[in-house]
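Grab a pencil and work through these short exercises with the viewer open. Try each one before reading on.

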Amino acid sequence: MFKINSYSEIDIIRKTLQDFGERFIEPLSSIIDKENRYPREIVREMGRYGFLAPTIPEEYNGGGLDLKSGVIVLEELAKYSGSIALISEVQGFLIAETLYRYGSRDIKENILPKIASGEVIGSFALSEPCCGSDAAAIETYAERSGDHWFINGVKTWITQGLYADYYLLFARVGSKKERHKNIALFLVKKDECIKTSPIEVMGFRGTGTAEVVLNNCSVDSDSLMAPPGEGFKIAMEVLNIGRVAISALGVGLAERSLAEAYRFLRDRKAFDKTIIEFQYIQFLLSDLYTLLETSRALVYKAAETISKEDVKEKIPLIAAVTKNFVAPTAVYIVGEALRLLGGYGYSKESVVERIYRDVKLLEIGEGTNEVQKMVISKHLLNKGLQKIFS
Ligand SMILES: Cc1cc2nc3c(=O)[nH]c(=O)nc-3n(C[C@H](O)[C@H](O)[C@H](O)COP(=O)(O)OP(=O)(O)OC[C@H]3O[C@@H](n4cnc5c(N)ncnc54)[C@H](O)[C@@H]3O)c2cc1C
């Protein structure tokens, strides 16, 4: 839909998203949160604009953007609703990207365009009650019988799990001792053998977080998207993109919070002055803004790095570094913005109260802060500091 090659074109896409946000998202963002309502009408509208799967080529109903421009879409959406941005992040950057990069011709021609347009909904089903950080320990089991697989297991915390028509499902085909080596990837269509139940979460409400139980689901051999071993590798590769994409949400959420605080402090009076006149407040805003711009620069650099095929081995590192910095930074900025709004910030009427609940997920989903540090330290120890910094 858009081809973004220069800064002025990025400005155009930002403006288009701002118009879209004001028109379609802002009127519903509080309702999505308060009523825990899945915004299907906006999902379809995002699909029409190419915002649901911004980085997928237009021939498959995507936005046709490069990764940097794609994360800018998420950043802008997050300013209006974290939930809407998370839906685009999961549907576009986890599901659509996996189907596009690793799917068969049939999947690309018949399922990907429906995912990118929002006609059907997808979920990325990796985490289980036993294990999230230690994803190589998952217990969902797939057993082959003739040209079919029978899958049993429980997935949890699955975003859009309540409404999904398709699940990208990671399951092992042998002993748990083999860890990642026998984890395969299946594309499983919603069926009666799959039962879902909602999980009430504090933020990103209306995104259909669910437990997904598979009870002897029979799927044909075409449902196997990646064989044992390859499945886990794909999960990790896609999560590298996800970690940068979800960091872009952090930038958008933090920017909106700062803007809310700034507007409030500019009008609010204390001790015969507007609060923004106090130098302490000006310095605090300066520091928060510096952290915001540092986060934004890191996200863009990571997106550009991932797009370069020749630096493949650096991708897990830059993705983990980005999330390790941006997630806690965004949580800090939003917390400070809420505090600067005084009692109003703590009120259910405040947008920043909602963002405060949303942003906390960034330190948990798609790898906790500790998991990012594990990835970074593994690279530092394996590759040697000298090699990394040369
Ligand atoms: C709202 C929401 C949406 C989600 N959406 C999805 C989704 O769509 N698909 C999906 O597959 N998953 C999803 N998740 C799951 C998410 O990815 C996991 O919650 C996350 O990976 C952490 O796993 P866990 O909850 O099992 O925590 P655990 O792995 O049990 O970790 C608990 C704590 O221990 C720490 N820890 C673990 N190991 C170590 C270690 N070696 N050293 C130091 N500290 C350690 C962790 O950092 C964490 O702080 C979602 C979660 C939430 C809350």
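**Exercise 1.** Which domains does the domain assignment of the protein chain give?

Keep in mind that this is a predicted model. Going along the chain, the assignment gives domain 1 at 7–117, then domain 2 at 122–227, and then domain 3 at 231–389. For the secondary structure, the chain comes to 13 helices and 10 strands.

**Exercise 2.** Work out whether the overall spread of the chain fits a compact globule.

Start with the extent: the C-alpha trace spans about 80 × 50 × 40 Å along its principal axes. Next, take the expected value: a compact globule of 390 residues would have a radius of gyration near 21 Å. The chain has 21 Å, so the two agree.

**Exercise 3.** Describe how domain 1 and domain 2 meet.

Begin with the distance: their C-alpha centres lie 23 Å apart. Counting heavy atoms within 4.5 Å as contact, domain 1 puts in 23 residues and domain 2 puts in 17. Together the two domains bury about 1800 Å², with 66% of that on carbon and sulfur atoms.

Now check the polar side of things. The rule finds 0 salt bridges across this interface, but it does find 6 residue pairs in polar contact, both at pLDDT 80 or more.

**Exercise 4.** Which elements give two or more residues to the side of domain 1 that touches domain 2?

Those are α1 (7–35) and α4 (82–102). The largest share, 11 residues, comes from α4. Sorted by type, the residues on this side of domain 1 split into 13 nonpolar, 6 polar and 4 charged.

Notes:
Residues are numbered from 1 along each chain as its sequence is written. This is a predicted model: local features need pLDDT of at least 70, side-chain atom pairs count only at pLDDT 80 or more; totals for chains, interfaces and linings use all residues. Side-chain values use heavy atoms; hydrogens and water are left out. Domain bounds come from an automatic or database domain assignment. Buried area is the accessible area (1.4 Å probe) that two parts lose on being put together, summed over both. A salt bridge is a side-chain nitrogen of Lys or Arg within 4 Å of a carboxyl oxygen of Asp or Glu. A polar contact is a pair of N or O atoms within 3.5 Å; within protein, one must be able to donate a hydrogen and the other to accept it, and residues adjacent in sequence count only if both atoms are side-chain atoms. Helices (H or I, at least four residues) and strands (E, at least two) are DSSP runs, numbered from the N terminus. Ala, Val, Leu, Ile, Met, Phe, Trp, Tyr, Cys and Pro count as nonpolar, Asp, Glu, Lys and Arg as charged, and the others, Gly among them, as polar. The radius of gyration is taken over C-alpha atoms; the globule rule is 2.2 Å times the number of residues to the power 0.38.
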